[in-house]
Amino acid sequence: MSYADVPGFASVLEERGETTVVVQTESLLEAARFLRDERGFNFLSDIVATDYLGWNEREVAGYWGHREGRDINQPGSWGLARKPEPKAKRFSVSYQLLRLVSGAREAPRVRLQVWCDEDEPIESVVTVWPTADWHEREVWDLMGIAIEGHPDLKRILMDEDWEGHPLRKDYPIGGEPVRFSGAE
Amino acid sequence: MATAVQRTKAPIYGESRIPTPIPSVLRVDPRLREEGDILEVNFGPNHPSTHGVLRLVVELNGERVEGVEAVIGYLHTGFEKNMEQKTWWKAITYPERIDYLSFQINELAFVLAIEKLLEVEPPPKATWMRTLLCELSRIHSHLIWLGTGALELGAISLLWYCFRERDAVLDLFELVTGVRMHTRYFQAGGLAEDIPSGFFTECRKFADMFPARVDEYEALLDRQAIWLERTKGIGLLSAEDAIALGQSGPVLRASGVDWDLRKVQPYLAYDQVDFAVPVYFNGDVYDRYKVRMDEMRESTRIVQQCLDGMPEGPWIVDDRKIVLPPRHELHTSMESLIHHFKLVTEGYRVPAGEVYVPVESARGELGCYVVSDGGSKPWRVHFRAPSFVALEATATTVRGAMVADLIAILGSLDTVMGDCDR
């Protein structure tokens, strides 16, 4: 299936049997409507934001587990200094879409993806898929990506008065004060 | 033998009635509020009927629920953040603790995601054993749901019967893996250990005994006037609303949608076993109960077929770059010792990329989204938690309900707060 006619289409990636359609950040809502109404993706499985801060800065360490590296006659050392491809912006937000037809025997899926920087809001898709409500609150709460047009954008998993967005890469693990520990 | 019951599809309630603009919150009619007499009550966060630590802010007009908002996050433990700090194979211990009632299936989603990135195909014995354990897990989860769900409606004795069988399932897990819960038995590439002799006999005993037990539970409830009164026609959710609200699993199937990921996108050995997908059409608490009862029977059938069809052979791939070498080799082979050392200290590197692996957990679509930068730790792990999504349907399902039914409805959505808050 071609996705070139999706509004704001930027690129499409077919990998490991999964399709990722990247669209311009400003045409997210339009693209979402198009995919639901024209392509029948009526079910939103998940919205997930990923922070790519620091991506591509370190050389990745570890024991070579790739298919090429597993060939015992082809030592994997050639890949030890490899870095992943750089990303254009800091955050990606992925919408896992599914065409759900009762009684069907196939589950076509596509991943709609937009990219944004810090302090760059993205549009809400609650009007397209009502289930986006909590997912978008989670994106705001844990990743700090503002959602424009969300009916009630507030924290969902963390306390209302929490500072910072814990799933960001610059948020330290174990860095927050522990209450009632006696160490305060 | 109950299979998919096809009834005529009757309209559940007029047209779609997702409360706008916020589907997860039910707002009190302002006129009603002006008239006075709206009482705001906090259910939870420690109410025993909430299957974890959930808080519902309920606005009551007498006995009737006029407004509701679910407040979650009390069990947020930052699993996703923690998993980013662990090597891939250490991170496998985390997903089970997210949904502590269907732990094997959670573990499976993550392991399948790693395998998809690594392009590893586990041997058939591992695939079949995974199928078997996942179905036992589904039974385990449904048993706890039934026991506690019935307990909340006053059928106390059922809890003891359900927990008796649940204990038998845990005994089986203990027999295979050495632990009763959070087994960490699935490895990238297969199973952590071979299946111990004796398991098959014990498991078959359970599978032979269990369907009769399900009939017993049903006999206790199905003709019980109080149970029927308190579950039928309550907590309505239409098929359109269920899809719009992202519902999946038994809740979706009780609303008349024939949808099971084990059928529509078969993974593991589900395309090689015979089972039916129970679908009911009334979208109420009673139908959700019926779906889960039938699913327990179907799961037992799958378990039996797995026992019959369990292939011989290795339980994990023979790939020293991913899988720990056999313990006895460490004393004789330098090569194995190095492999062992490197795997334990650095872990294996997983090719860069992103995957989303959905599986049918006891609660519905459980998705695992994983990003790898090609290193030995996951860059980002995210779980599409079915409980999280199920709670979004509270406002729609409890609209106009009596306060006593609130508990029945909430129970029928079968949420596990660990799964919801992650």
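The following exchange introduces a predicted model through its sheet, its core and its chain contact.

Colleague: In what order do the strands of the open sheet of chain A lie?
Modeller: In this predicted model, the sheet of chain A is open and has five strands with mixed pairing. Its edge strands, each pairing on one side only, are S1 (9-15) and S3 (43-51). From one strand to the next, the twist averages 20 degrees. The order is S1-S2-S6-S5-S3.

Colleague: Is strand S6 of chain A largely enclosed or open?
Modeller: Strand S6 of chain A covers residues 109-116, eight residues in total. A residue counts as buried if 20 or more other C-beta atoms lie within 10 Å of its own. Six of the eight residues of S6 are buried, so the strand is largely enclosed.

Colleague: In which sense do S5 and S6 of chain A pair?
Modeller: Strand S5 of chain A spans residues 91-98 and shares eight bridges with S6. Among the bridge partners are A:Gln96 with A:Arg111 and A:Val93 with A:Val114. The sense of the pairing between S5 and S6 is antiparallel.

Colleague: Which residue of S6 is the bridge partner of A:Val21?
Modeller: Strand S2 of chain A, residues 18-23, pairs with S6 over three bridges in the parallel sense. For A:Val21, the bridge partner in S6 is A:Leu112.

Colleague: What angle does the direction of helix H1 of chain A make with that of S6?
Modeller: Helix H1 of chain A, residues 28-37, packs on the sheet and touches S2, S5 and S6. Its direction and that of S6 make an angle of about 175 degrees.

Colleague: Which helix contributes the largest share of the largest nonpolar core?
Modeller: This core has 167 residues, and those touching the most other members are A:Leu112, B:Ala109, B:Ala113 and B:Ile114. In soluble globular proteins, nonpolar side chains tend to be buried together. The largest share of the core is 13 residues, and they come from chain B, helix H6 (residues 124-152).

Colleague: Which residues does B:Ala113 touch, leaving aside those up to four places away in sequence?
Modeller: B:Ala113 is one of the core residues that touch the most other members. With residues up to four places away in sequence not counted, B:Ala113 touches B:Val355, B:Val357, B:Cys368 and B:Val370.

Colleague: How many nonpolar residues lie on the side of chain B that touches chain A?
Modeller: The contact involves 46 residues from chain A and 58 from chain B. On the chain B side, 17 residues are charged and 14 are polar. The nonpolar residues on that side number 27.

Terms used
Residues are numbered from 1 along each chain as its sequence is written. Chains are lettered from A and ligands numbered from 1 in the order in which they are written. This is a predicted model: local features need pLDDT of at least 70, side-chain atom pairs count only at pLDDT 80 or more; totals for chains, interfaces and linings use all residues. A nonpolar core is a set of buried Ala, Val, Leu, Ile, Met, Phe, Trp, Tyr and Cys residues joined through C-beta atoms within 7 Å. A residue is buried if 20 or more other C-beta atoms lie within 10 Å of its own, exposed if 12 or fewer, and partly exposed in between; C-beta atoms are placed from the backbone. Helices (H or I, at least four residues) and strands (E, at least two) are DSSP runs, numbered from the N terminus. Two residues are in contact if their C-beta atoms, placed from the backbone, lie within 7 Å. Two strands pair if DSSP finds at least two bridges between them. Axes are lines fitted to C-alpha atoms, for helices over the stretch in contact, and angles run from 0 to 180 degrees between N-to-C directions. Ala, Val, Leu, Ile, Met, Phe, Trp, Tyr, Cys and Pro count as nonpolar, Asp, Glu, Lys and Arg as charged, and the others, Gly among them, as polar.
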